[in-house]
Amino acid sequence: MERNPAKALLLLISLFLIITDLIIGLFLIPKDNDYYNTFRTSHTYYHHGLKPNQKALAKGINGEFVLFTNSLGLRDSSIREVPIKSRKRRILFIGDSFTEGVGVTYQ
């Protein structure tokens, strides 16, 4: 503290902010994950996936919206049966939350 008071003050402020963030995250943010993430499931090859044929409530940037998954467990405009094989060509996007469109309605 005596050698370098500016660095010591910066360290104390940083620790205070980290502890404050931890307390807010643990106690003040509501634990509504069970209510909003009923359509998610763990997956063998990657972190998580979507349950097939689901209609669930999700949170978005403009509030709550209804999220649908199809029979393949992919996000869709409604619950519907999608055949595994098709004569048409398909494009499949696999990725992270940006690819899924987390927080944005399907339309």
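Tutor: Ala, Val, Leu, Ile, Met, Phe, Trp, Tyr, Cys and Pro count as nonpolar, Asp, Glu, Lys and Arg as charged, and the others, Gly among them, as polar. This is a predicted model, where local features need pLDDT of at least 70 and side-chain atom pairs count only at pLDDT 80 or more, while totals for chains, interfaces and linings use all residues. Residues are numbered from 1 along each chain as its sequence is written, and side-chain values use heavy atoms, leaving out hydrogens and water.

Student: In what order do the elements of the chain run from the N terminus on?
Tutor: Helices (H or I, at least four residues) and strands (E, at least two) are DSSP runs, numbered from the N terminus. There are three helices and five strands here. Read from the N terminus, the order is α-α-β-β-β-β-β-α.

Student: What share of the 107 residues counts as buried?
Tutor: Buried means under 20% relative accessible area, exposed over 50%, and partly exposed in between (1.4 Å probe, protein chains only). Of the chain's 107 residues, the buried share is 17%.

Student: Is Ile 23 buried, partly exposed or exposed?
Tutor: Find Ile 23 in helix H1, which covers residues 5–28. Because its relative accessibility is 43%, Ile 23 counts as partly exposed.

Student: What volume does the largest pocket have?
Tutor: A pocket is an open set of points on a 1 Å grid over the protein atoms alone, where a 1.4 Å probe fits, with protein on both sides within 12 Å along at least five of seven lines; lining residues have an atom within 4 Å of a point. Its volume is the space filled by probe spheres set on the points. For the largest pocket, that comes to about 940 Å³.

Student: And which lining residues are closest to its centre?
Tutor: The lining has 27 residues. Strand S2 (48–50), strand S5 (75–76) and helix H3 (97–100) each supply at least two of them. The closest to the centre are Gly 73, Leu 74, Arg 75, Leu 92 and Phe 93.

Student: How many residues of that lining are charged?
Tutor: Split the lining of the largest pocket into classes and you get eleven nonpolar residues and nine polar ones. The charged residues number seven.

Student: Arg 75 caught my eye. Is Arg 75 buried or exposed?
Tutor: Arg 75 sits in strand S5, and its C-alpha is 9.5 Å from that of Lys 51, which is 24 residues away in sequence. With a relative accessible area of 16%, Arg 75 is buried.

Student: Which residue forms a salt bridge with Arg 40?
Tutor: A salt bridge is a side-chain nitrogen of Lys or Arg within 4 Å of a carboxyl oxygen of Asp or Glu, and the structure holds two. In this pair the closest N and O atoms are 3.0 Å apart. It links distant parts of the chain, strand S1 (residues 40–42) and helix H3, 60 residues apart. The partner of Arg 40 is Glu 100.

Student: How far apart, N to O, are Asp 76 and Arg 80 in their salt bridge?
Tutor: Asp 76 counts as buried because its relative accessibility is 4%. Arg 80, at 41%, counts as partly exposed. Their side chains meet at an N to O distance of 2.6 Å.

Student: What is the phi of Asn 53?
Tutor: Asn 53 belongs to the loop between S2 and S3, and it is partly exposed, with a relative accessible area of 36%. Although Asn 53 is not a glycine, its phi is positive, at about 55 degrees.

Student: How far apart in space are Asn 62 and Gly 103?
Tutor: Asn 62 lies in the loop between strand S3 (55–60) and strand S4 (63–69). Asn 62 is exposed because its relative accessible area is 75%. Gly 103 is 41 residues away in sequence, yet the C-alpha to C-alpha distance is 8.1 Å.
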